[in-house]
Amino acid sequence: MVRDTGTEALAHLAEERVDHRFKGLPTDAVGLTVAELAAQRRNLFTDGFTTPVLALSAERLEHNLQLMETYATRHGLAFAPHGKTSMAPQLFRRQIEHGAWGITLAVPHQVWVARAFGIERIFLANELVDPAALHRVAADLAADPDFRFVCYVDSVRGVELMDAALRGAARPVDVVVELAAGEGARTGVRTEAECAAVADAVAAVPTLRLVGVAGYEGEVPQADPERVTAYLRRLTALAADFDKGGRFAATDEIVVSAGGSAWFDAVADVFAELPELSLPVLKLLRSGAYVSHDDGHYRRLTPFARVPEEGALEPAFRLWAQVVSRPTPEQAFANAGKRDAAYDLDLPDAQVIRRDGTERAAAGVSVTGLSDQHAWLRTTAEADLEVGDWIGLGLSHPCTSFDKWQLIPVAEADGTVVDYIRTFF
């Protein structure tokens with residue numbers, strides 16, 4: 001759900017002026033509004049864009065949005081994709097237009113961004129104990145009866161801090177008990193008995209309302225299908241046990257939520273096993289990296305590789321850099337580095353070379369390292385690479401790709417730029 005004010009805020013993005021803040025854009029576009037530049041439908045390769053420049057594929061982006069909408073519908077899942085991946089309100093809107101229930105976020109700043117662009121349903125997949133942030137959430141809940149906000153709790157102490165900050169709030173804050181994915185995992189309650197104690201603490205205060213349970217299967221130690229499935233069955237069993245004990249009496253819908261981008265097939269399978277409970281169940285999937293997918297980490301981990309009959313996500317990012325130095329036959333350097341490319345999980349993948357309007361595979365070229373502003377390229381005898389060539393790099397881990405670019409061109413297959421995506425990190 002999106003408020004009308006979100007439409008106005010998105011319109012204001014199109015009125016923003018192109019200037020020094022935005023990397024890779026044509027130098028003669030300075031002073032134009034983003035809408036004016038988009039209307040020119042410039043070509044990424046021939047109309048003044050400078051390297052390095054990150055681009056999103058228009059066709060692949062739309063394919064990924066449609067695929068996950070179809071997947072969630074087929075499996076009876078509500079979908080709240082994790083917005084931390086892109087922090088791009090334009091993409092939030094498109095995700096909701098493609099059936100998303102709302103947007104998942106991780107920290108208060110991200111919530112404020114989503115609210116500024118009219119997002120009405122937010123699932124905060126994190127504990128929230130900061131008084132100032134809780135005051136802001138309470139004020140939003142009081143001012144907007146349509147605003148739905150849910151966050152994690154995983155300790156009695158956390159419940160106490162939330163209650164102290166929320167005293168006098170007009171509406172209670174909805175919470176889900178987070179079940180940890182195992183010993184040594186990240187946040188979350190370690191045992192079912194401790195989960196019950198946290199739930200009892202929530203029930204004892206008027207400022208909070210227990211609406212469900214949640215977790216993140218991506219943190220299961222030594223994750224494999226058996227361990228992930230076992231954890232997810234603990235999560236659904238916890239929901240059923242809480243329901244049997246009357247712990248959801250204050251709500252009219254039970255939230256059961258999980259789902260990163262590596263194991264959402266297991267989430268779909270286990271959530272389908274959930275027995276009928278006393279109230280309707282919102283089976284909420286939170287996968288976020290799908291929107292751009294990638295050429296590394298998630299390409300290897302995506303569930304669609306395990307269940308190819310469901311379809312396939314397509315990597316939508318490509319970082320274009322230019323070869324600026326060719327000091328030896330075995331080495332070259334391009335002008336994109338750590339400031340431009342994700343590198344926390346994998347180095348970029350050299351995919352294509354462009355020269356004189358012709359594109360071909362980057363045979364014999366590999367990225368061996370990144371400096372702040374340079375990619376180190378190894379070249380074999382088969383590599384045909386010259387200073388001035390453009391090199392297209394595939395990236396791994398979208399969450400650390402979006403955050404390096406404030407305004408990202410969206411290009412069709414022939415290079416025509418049809419839109420620009422604004423990010424807020």
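Two strands count as paired if DSSP finds at least two bridges between them. Strands here are DSSP runs of E with at least two residues, helices are runs of H or I with at least four, and both are numbered from the N terminus. What you see above is a predicted model, in which local features need pLDDT of at least 70 and side-chain atom pairs count only at pLDDT 80 or more, while totals for chains, interfaces and linings use all residues. Residues are numbered from 1 along each chain as its sequence is written, and side-chain values use heavy atoms, with hydrogens and water left out.

**Strands and their partners**

Let's start with S10 and its neighbours. Ala55 stands opposite Arg318 in S10, and S1 and S10 run antiparallel, joined by four bridges. On S10, Leu319 faces Leu393 of S16; four bridges link S10 with S16 (residues 390–394), again antiparallel. A third antiparallel partner of S10 is S11 (residues 331–334), with three bridges, and here Ser325 is opposite Phe333. S10 and S11 make a hairpin, with two residues between them.

There is also an open sheet of eight strands, with parallel pairing, in the order S2-S9-S8-S7-S6-S5-S4-S3. Its edges are S2 (78–79) and S3 (103–105); each has a single partner strand, so one side of each has no neighbour in the sheet. Within this sheet, S6 and S7 pair in parallel over six bridges, and Val177 has Val213 in S7 as its bridge partner.

**Helix H8**

Helix H8 covers residues 192–203, which makes 12 residues. From first C-alpha to last, H8 reaches 16 Å, close to the 16 Å expected at 1.5 Å a residue, where the expected span is 1.5 Å times one less than the number of residues. Which residues of H8 are buried? They are Cys195, Ala196, Val198, Ala199, Ala201 and Val202. Buried means under 20% relative accessible area, exposed means over 50%, and partly exposed lies in between (1.4 Å probe, protein chains only). The buried residues of H8 pack against strands S5 (148–153), S6 (173–178) and S7 (208–214), along with helices H7 (156–166) and H9 (225–244).

**Two pockets**

A pocket is an open set of points on a 1 Å grid over the protein atoms alone, where a 1.4 Å probe fits and protein lies on both sides within 12 Å along at least five of seven lines; lining residues have an atom within 4 Å of a point. Grid points are joined across faces, edges and corners, and a volume is the space filled by probe spheres set on the points.

| Pocket | Volume | Residues closest to the centre |
|---|---|---|
| Largest | about 650 Å³ | Lys84, Arg186, Tyr216, Gly260, Tyr298 |
| Second largest | about 340 Å³ | Ser57, Arg318, Trp320, Glu412, Ala413 |

The largest pocket is lined by 30 residues: 12 nonpolar, 12 polar and six charged. (Ala, Val, Leu, Ile, Met, Phe, Trp, Tyr, Cys and Pro count as nonpolar, Asp, Glu, Lys and Arg as charged, and the others, Gly among them, as polar.) H11 gives the largest share of this lining, three residues.

The second largest pocket has 19 lining residues, which divide into 10 nonpolar, three polar and six charged.

**A buried loop residue**

Finally, meet Thr302, in the loop between H11 and S10. Why does Thr302 count as buried? Because its relative accessibility is 7%. Leaving aside neighbours within four places in sequence, Thr302 is in contact (heavy atoms within 4.5 Å) with Ser261, His293 and Leu313.
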